[in-house]
Amino acid sequence: SQFEMAMDSTLEELVQRLQRDLNCLLDEDRNLRKKGLTEIFKFLGTVQIESTQLAEFYQSYLLKNLKHTIEDKIEKHREISLQILEIILDKTRIIDQDVFQNTVRSLLGRVNNIPFQETSEEVRLQIVRLLQKIVNSYNQELRLLLPEIAFGISKLLLDQFPEIKKETASLIKQISSKFRSQFGVHVNPVVKSLLTNMQHQQNKVRKISIEALCELLLCEGAAPLIEQCFGSLGKSIHDKISDVRKTVFIGLANCLNGFSYANVKAEEGQVTYLLLHGLNDESEEVVNLVIQLLEDAGNKRKALSEEMQEEQTLSLIHI
C-alpha cells in the first residue's frame, strides 16, 4: 500500500511518491487540488519519515506549491494546507532561513490587513495557533521577523472573533517573555490594539488583554508606553468583575517590580496611585492582595535604591 513506505525512504523516493499530488496543488481543477492536499496530508500524517528528509522535502518541493493553496479560494483547501504545515512544524525543523521566513510571511500575509485576506475566522484562528507553535520552537530565526509579527498581531487583536483576540493575547505573552530585549521597540501598534480590547464586553478578553499588555511593557524599551495606558488601566481597576481588577493590580505591581531603575523613577507615582485604589476595593480578597503587592513592591523598591546607591558609591570610588 502507498503508506507502507520504508522508514528510511530517501528524499528521491518521497518526491517520486508525492510528485503527482504536488502537481495537483497547482491545478486549475478544484477537485484535483483537494485530492492532492488530502493525499499529502494523509501521507505525511501516517508515514514515518526521517526528520531531515522531511525538512528537505518541505524546503525544496512542498512549500512553493503549498504557498498557493494557503491562498486558495476554497476555504477547505486553505484549512488542509495549514494542517499540512502543522505536521511539518511538529515533525521536523525548518533549517533554511529563507524558507523559514517565507513560511512565517505566508501566514502573516493572510492576516496583516483589515479586512483580512483570510476571510474565514476558523482559518484565522488556525493561523494564530500555528504562530504560537512557531514562537515556541524557534529562537534566533524569528528575530528578523519581529517587526512584521508585531504588525500582524496588532491587526489580529482587532478581529471580531473573541477566541482570536484571546489566542493572540496569549501569543503576545509568549513572544514578550521569550524576546524580552528585542520585542519592545516594535510594540507601539500592539499596545493600541490591546487598549481597545481592554474595554471588550467579554471579561475573559479584558483579562487576558491586560495580562498581555503588562507582559509587553516589561520588554526592553516598552516601559514608557505605559503613559498612554494609564487612562485604560484607570478604567480597568473599576471593572465589575473582581478577577479582572485583580489582574490589573498584579500587572501594575509586576511593572513596578520589573521596570529598570530609570523607568521606575519615571512611572512609579502614577502606577502606585492606581495600585492604592485597590485598598478601597469592594472585595476583601482584592484589598488583601493589593496590601501584599504594595508591601512586596516597597521591599523591591528599597533594595533597588540601595543597589543604585552602592553602584554610585562604587563609581565615585573609581573616579
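This report looks at the aromatic rings and the cysteines of the structure above, which is a predicted model.

Let's start with the rings. The structure contains two aromatic pairs. One of them joins Phe57 and Tyr61: with ring centres 6.3 Å apart and planes at 25 degrees, the pair is stacked. Both residues belong to helix H3 (residues 51-69), where they are four residues apart, or about one helical turn. Phe57 is buried at 0% relative accessible area, while Tyr61 is partly exposed at 32%.

Phe100 and Tyr138 make up a tilted aromatic pair, with 4.5 Å from centre to centre and 35 degrees between the planes. Phe100 is part of helix H5 (residues 97-108) and Tyr138 sits in the loop between helix H6 (121-137) and helix H7 (146-156), so this pair ties together parts that are 38 residues apart in sequence. Phe100 is buried, with a relative accessibility of 1%, and Tyr138 is buried with a relative accessible area of 1%. Tyr138 has another contact to look for: the charged end of Arg93 sits over its ring, 4.2 Å from the centre.

Now for the cysteines. How many disulfides are there? The count is zero. A disulfide needs two cysteine sulfur atoms within 2.5 Å, and the table shows why two of the cysteines do not qualify.

| Cysteine | Closest cysteine sulfur | Sulfur to sulfur |
|---|---|---|
| Cys214 | in Cys255 | 4.6 Å, too far for a bond |
| Cys229 | in Cys214 | 8.1 Å, too far for a bond |

As for their surroundings, Cys214 is buried at 5% relative accessibility, and Cys229 is buried with a relative accessible area of 0%.

Methods: Residues numbered from 1 in each chain as written. Predicted model: local features only at pLDDT ≥ 70, side-chain atom pairs only at ≥ 80, totals over all residues. Heavy atoms only, no water. Buried < 20%, exposed > 50% of the residue type's maximum accessible area, 1.4 Å probe, protein only. Phe/Tyr/Trp six-rings, centres within 6.5 Å; stacked < 30°, edge-to-face > 60°. Helix = DSSP H or I, 4+ residues; strand = E, 2+ residues; numbered from the N terminus. Lys NZ or Arg CZ within 6 Å of the ring centre and 35° of its normal.
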